Amino acid sequence: MNTTRSGRPALTRPDGTPLRVLVVDDDPDLAEVLTGALRYEGWEVRAAGDGASALAAARELLPDAVVLDVMLPDTDGFAVLRSLHRVKPDVCVLFLTARDAVEDRIAGITAGGDDYVTKPFSLEEVVARVRGLLRRAGMARQLDEGPRLIVGNLVMDEESHEVTRGGELIELSPTEFELLRFLMRNPRRVLSKAQILDRVWSYDFGGRAHVVELYISYLRKKVDAGREPMIHTVRGAGYVLKPVIK
């Protein structure tokens, strides 16, 4: 089993590269401690001390998750989150705050935050919350899972070519399998028809959009039939695979 130095099963992005996390807190000592704990997981981590530098770092890093303090010297975390979602709409956000009021928790979730931790907190709790967010969002996989891709309750074994959703086996043609594999390797990312053609069919884009549309419809009938949809069309942009989180 692949583990981190902390002994926990190692998590990576679905493509096997390190997860990217941004820590935003104006307390440099706390930011340093949090950054160290998250790097201990084998992740790529950066820190920022205010809203402006956080957005600059986010544009460069394109983080999978952000640990975000509500109170910042130049703005508040809710405003930063709104801007972060314009940079990377699918980013997972864990709010940190010294306040314990119910209205603050509601404000954080309403603003689009995924979870909330009140100071003082343990580093173990923060790391565990971030790991949980990334797994539930389909943005991480466990290294000891072997050649498997997991997005929500959709699981693909790349060696056996077996695909299940909620434990139910899904029979796919070779082309359907390759298309789904590309979607699962890029969860929550909008993929254009040109990108899909290039990766799955190795075609130059030009009059073959109907091929992608046809195979997306095939996949939907098998992956989404009778279930809450995971495959979504983004009009004018392409397609995206999103986990169903309940």
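This is a short tour of charged side chains and one buried alanine in a predicted model.

Residues are numbered from 1 along each chain as its sequence is written. Local features need pLDDT of at least 70, side-chain atom pairs count only at pLDDT 80 or more, totals for chains, interfaces and linings use all residues, and side-chain values use heavy atoms, without hydrogens and water.

**Stop 1: R13.** Select R13, in the loop between strand 1 (11–12) and strand 2 (20–24). R13 is buried, at 15% relative accessible area (buried: under 20%; exposed: over 50%; partly exposed: in between; 1.4 Å probe, protein chains only). Add D64: a polar contact of 3.1 Å joins the two side chains (N or O atoms within 3.5 Å, one able to donate a hydrogen and the other to accept it; residues adjacent in sequence count only if both atoms are side-chain atoms).

**Stop 2: K88 and D90.** These two form a salt bridge, with the closest N and O atoms 2.9 Å apart (a Lys or Arg side-chain nitrogen within 4 Å of an Asp or Glu carboxyl oxygen). K88 is buried, at 12%. D90 is buried too, at 12%.

**Stop 3: helix 6.** Select E178 and R181, whose side chains meet in a salt bridge of 2.5 Å, N to O. They sit three residues apart in helix 6, so about one helical turn separates them. E178 is partly exposed, at 31%, whereas R181 is buried, at 13%.

**Stop 4: A54.** Go to helix 2 (residues 51–61) for A54. A54 is buried, at 0% relative accessibility. Show V80 as well: the C-alpha atoms of A54 and V80 are 7.9 Å apart, with their positions 26 residues apart along the chain.

Technical notes:
Helix = DSSP H or I, 4+ residues; strand = E, 2+ residues; numbered from the N terminus.
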